[in-house]
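Reader: I am new to reading protein models, and I would like to go through this one slowly. Could we take it a piece at a time, with the reasoning spelled out?

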Amino acid sequence: MAVRMVVVLCVLGTLLCQVWSSSETQLKEEKLLSKVLYPWKRQSNGLVRVKRDWIIPPIRVLENSKQVPEDLVQIKSDKIFTGEVIYKLEGPGVDQEPKNLFEIDDKTGVIRSKQPLDREKYSSFTLKAFALSPSGERLENPTTIEIVVLDQNDNRPTFTQNQFIGAVSEFSVPGTSVMSVSATDADDSMTDNAVLSYSIIGQESIPANAVTKTMFGINNQTGAIYTRDVGLDREVVKSFRLKLQVADMSGMGLTSEGVAIIHVSDINNHAPQFNPNMYSMTGVENKKDYEIGRVNVTDRDDRGTGNWRAKYSIAKGDPHGSFAISTDNVTNQGILTVVKPLDYEAQPEYNLILTVENLNALSNKAPNNPVSSATVVITVGNENEAPRFREDPIRIVVPESVVPGTVLKRNIAYDPDYSELRYEITRDPEKWLDINRETGDISVKRAFNIRSPHIRNNIYNAIVKVTDAGGVSSSASLAITLKETNDFPPQLFPLSGTVCREAERMTSELILTAVDEDRPPHAEPFTFELPDDLSINWTIIQVNETHAVLQPLVEMEAGEYTVTVLVSDSGSPTLSAYAQVNVTVCPCDSFGDCKSDAAAILGSSVGISLIALIIIMASIALLLLLLLLAVAVSTCRRRHHIKKGTGLLVGESEDDIRDNVLNYDEQGGGEEDENAFNIDLLWNPHDAPPTPGSFCPVSSIPRGKQPLRRDAPHNLPSPTYPRRPPADPTDIEDYINDGLEAADQDPNVPPYDTALIYDYEGEGSLAGSLSSIASGSSDGDQDYDYLNDWGPRFKKLANMYDPR
């Protein structure tokens, strides 16, 4: 039995329902349900009917409906069941987002909306309905339910911008397109709810009331704004503010307002004009790249635009291009600058004609006036100009062999002010050059050496300076290119060698070459030749540009031979040199080595002599070193044992003489030292200064060699030293100061800054003691009793000098 579905539609909330069934006529089914039929299939056991599925037209629901819940459609099955049928619904709006918009009565199959719908959010829904048994068994195939939400005019149109900005050129003709505005409506674009209409409902000019007539119109369908009247002058009105309106339903529905700002743009209808048109300026001689002055123009066009920006040019008066003029982008002034140094002697005054125009071309609506021009008179100030070199660098090309005294260059500089010049060479690292201070003639002072480290690529660099009478100077570099000359003949190498006696051996030849201190092309290729008298027994064969082979023509006897070879270079002129080559002819073994006994003995003796020579030289050096040490030790010992009366200082007792060196950090042990040392001055500045730690006894140094004072005349008598201090102990300070002053004035004592060496000389030295200031006299001539009167501190000293 066929399965059929009965659908009950409830349209727009009315009670009229349309019922479709399989028993209705075929025409009604085609018009209302558009059913899909499948052909019958034949099987062996008979015919089986294929199921038919019904396509239900979309259900239309008006958005924003307030009659909720609202029945939309009812589904039923005409199949006879023994039990209960349960209807289910699923899809977006039911169990999928957005949920809870629709529901179905599981017993009756009525589908209803649960809340108002919004077409702007969801314009349609596709649901599926099921017929199930109580046990959940599917009784029918799922039925697709399409719900379409119908639009209402519930949205106002909205402009796409809060404020529209446009521009129109001044003096535009009516109908000129200015700009376009646009708006959108969220309602269904296929209905009148979204059909928009534009209009201008207000106009304001800036400045206010500058223009009162309606200057603009708008296309109500496209929103295009255009000019309606003439009279747009930027000098009169700067901009307009238009109040716009848009309405849906072709202007009969909901409305919104917007704003459009239209600026009147400038056209270049005003040419710039000089103000004033006469200028006077002063220029500085011999200076460039500086501003000399400015010129002014006026222009009524929009400031900061290309219609206002000035472009200056120098029309006349500057044939050499000494000046340039540019535009100040802020002030629009013309900046006149000097780009080439001015010369008072050449032209003391300039008369420039300047013209001006705008960056943008002048509009055809501008007045037909001539181009504005101005005259600038420039006076050049005279200054002391620096001397000028005729070329910089000064280039000179000379042979390297140029002789000293040769003049290399004349007339190298001049002075524009015709003052006297003084020349000098400030850089000449090899001191090869000389210059005449008055004429500036550069000449050779010393011969050039092309191999100097100061020559790079055969160029020697120097610096020349010239100064005028006013002290203004200039410098120029001097580049001297040295041309290579053939100065040295080639030298043959080697000058000795060995040749096998057997002529058929490859080693019966000697390879020769040559070296030349000159550089190409005055060096190789070399030419090797033999004198005529030697060409009978010997021959020389050129191998390449630098080598040749010397070999005998006949079998030579073993022995020493001297062969004269002439070698020549390729210079101009060609230089040659003779060289004698010592050739040893000997019988050779299979390896090409000499096997003669004489050669073997000679080679062996040479080796032995060399080793022996090294050993002998080392032995001689060792012996000389030992000999010098022995002489030094012996000399020191002899000096120590010189007897009394020879003019040297020795002790009275030989038992007390000590030859060991004593180094002291202090001069004595104080008054308590019973064996106080006697010290004496021992160094003579005319002798070599003694070295610290010397092993020579101090007592062996001659006493008579004392250093001389340079701050007093020589050979004068010594002053009188104070022999006896006053009786009053309080005058001891004066006594010591007097003695010190006498010692300072004594020309016969050593200088106070003389290096002193002290040593113990034994008891009873004839040199006396320095304990007394008057060291030139003996202790027996003095009376020390007065020391007892100086107090307890000098009592110990008095006991030491007590004659008892």
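Author: Let us begin with Phe171, which is found in the loop between strand E13 (163-169) and strand E14 (177-180). Please keep in mind throughout that this is a predicted model.

Reader: What is the phi of Phe171, and is the residue buried, partly exposed or exposed?

Author: Phe171 is not a glycine, and yet its phi is positive, at about 65 degrees. As for its surroundings, buried would require under 20% relative accessible area and exposed would require over 50%. The relative accessible area of Phe171 is 32%, so the residue is partly exposed.

Reader: Which residue in the loop between E22 and strand E23 (290-295) should I look at, and what is its relative accessible area?

Author: The residue in that loop is Asn286, and its phi is near 60 degrees, a positive value in a residue other than glycine. Asn286 counts as partly exposed, because its relative accessible area is 29%.

Reader: Where is the proline that follows Val68 in a cis peptide bond, and which residue precedes Pro98 in another?

Author: The peptide bond from Val68 to Pro69 is cis, with omega near -5 degrees, and Pro69 is found in the loop between strand E5 (59-62) and strand E6 (70-77). Pro98 lies in the loop between strand E7 (86-90) and strand E8 (102-104). The peptide bond leading into Pro98 is also cis, with omega near -5 degrees, and the residue before it is Glu97.

Reader: Let us turn to charged side chains. How many salt bridges does the structure hold, and which residue pairs with Arg119?

Author: Side chains of opposite charge can pair when their charged atoms come close. The structure holds 19 salt bridges, and in one of them the closest N and O atoms are 3.0 Å apart, with Arg119 on one side and Asp151 on the other. Arg119 lies in the loop between strand E9 (110-113) and strand E10 (124-132), while Asp151 lies in the loop between strand E11 (143-150) and strand E12 (158-159), so the pair ties together parts that are 32 residues apart in sequence. Both residues are buried, and the partner of Arg119 is Asp151.

Reader: Which strands are tied together by the salt bridge of Lys311 and Glu357, and how accessible are the two residues?

Author: The side chains of Lys311 and Glu357 meet at 3.6 Å, N to O. Because Lys311 lies in strand E25 (residues 310-316) and Glu357 in strand E28 (residues 349-358), the pair ties together parts that are 46 residues apart in sequence. Both residues fall in the partly exposed class, Lys311 with a relative accessible area of 37% and Glu357 with one of 42%.

Reader: Which residues are linked in a network of salt bridges?

Author: In this case the salt bridges join several residues into a network, and its members are Arg234, Glu235, Asp266 and Asp302.

Reader: Which side chains of strand E29 (residues 373-381) are buried, and which residue stands opposite Val377?

Author: In a regular strand the side chains alternate between the two faces of the sheet. Along E29, Ser373, Thr375, Val377, Thr379 and Gly381 point to one face and are not buried, while the buried side chains on the other face are those of Ala374, Val376, Ile378 and Val380. E29 is joined to E28 by seven bridges, and the two run antiparallel. The residue opposite Val377 is Asn351.

Reader: In which sense do strand E22 (residues 278-284) and E29 pair, and what is the bridge partner of Gly283?

Author: Seven bridges connect E22 and E29, and the sense of the pairing is parallel. Within E29, the bridge partner of Gly283 is Val380.

Reader: Which residues of helix H3 (residues 732-745) are buried, and how wide is the arc they fall within?

Author: H3 has 14 residues and reaches 20 Å from its first C-alpha to its last, close to the 20 Å expected at 1.5 Å a residue. Its buried residues are Tyr735, Gly739 and Ala742, whereas the face turned away from that buried side carries the exposed residues Glu733, Leu740 and Gln745. Seen down the axis of H3, the buried residues line one face of the helix, because they fall within an arc of 60 degrees.

Conventions: Residues are numbered from 1 along each chain as its sequence is written. This is a predicted model: local features need pLDDT of at least 70, side-chain atom pairs count only at pLDDT 80 or more; totals for chains, interfaces and linings use all residues. Side-chain values use heavy atoms; hydrogens and water are left out. A salt bridge is a side-chain nitrogen of Lys or Arg within 4 Å of a carboxyl oxygen of Asp or Glu. Helices (H or I, at least four residues) and strands (E, at least two) are DSSP runs, numbered from the N terminus. Buried means under 20% relative accessible area, exposed over 50%, partly exposed in between (1.4 Å probe, protein chains only). Two strands pair if DSSP finds at least two bridges between them. The expected span of a helix is 1.5 Å times one less than its number of residues. The arc is that of the directions from the helix axis to the C-beta atoms.
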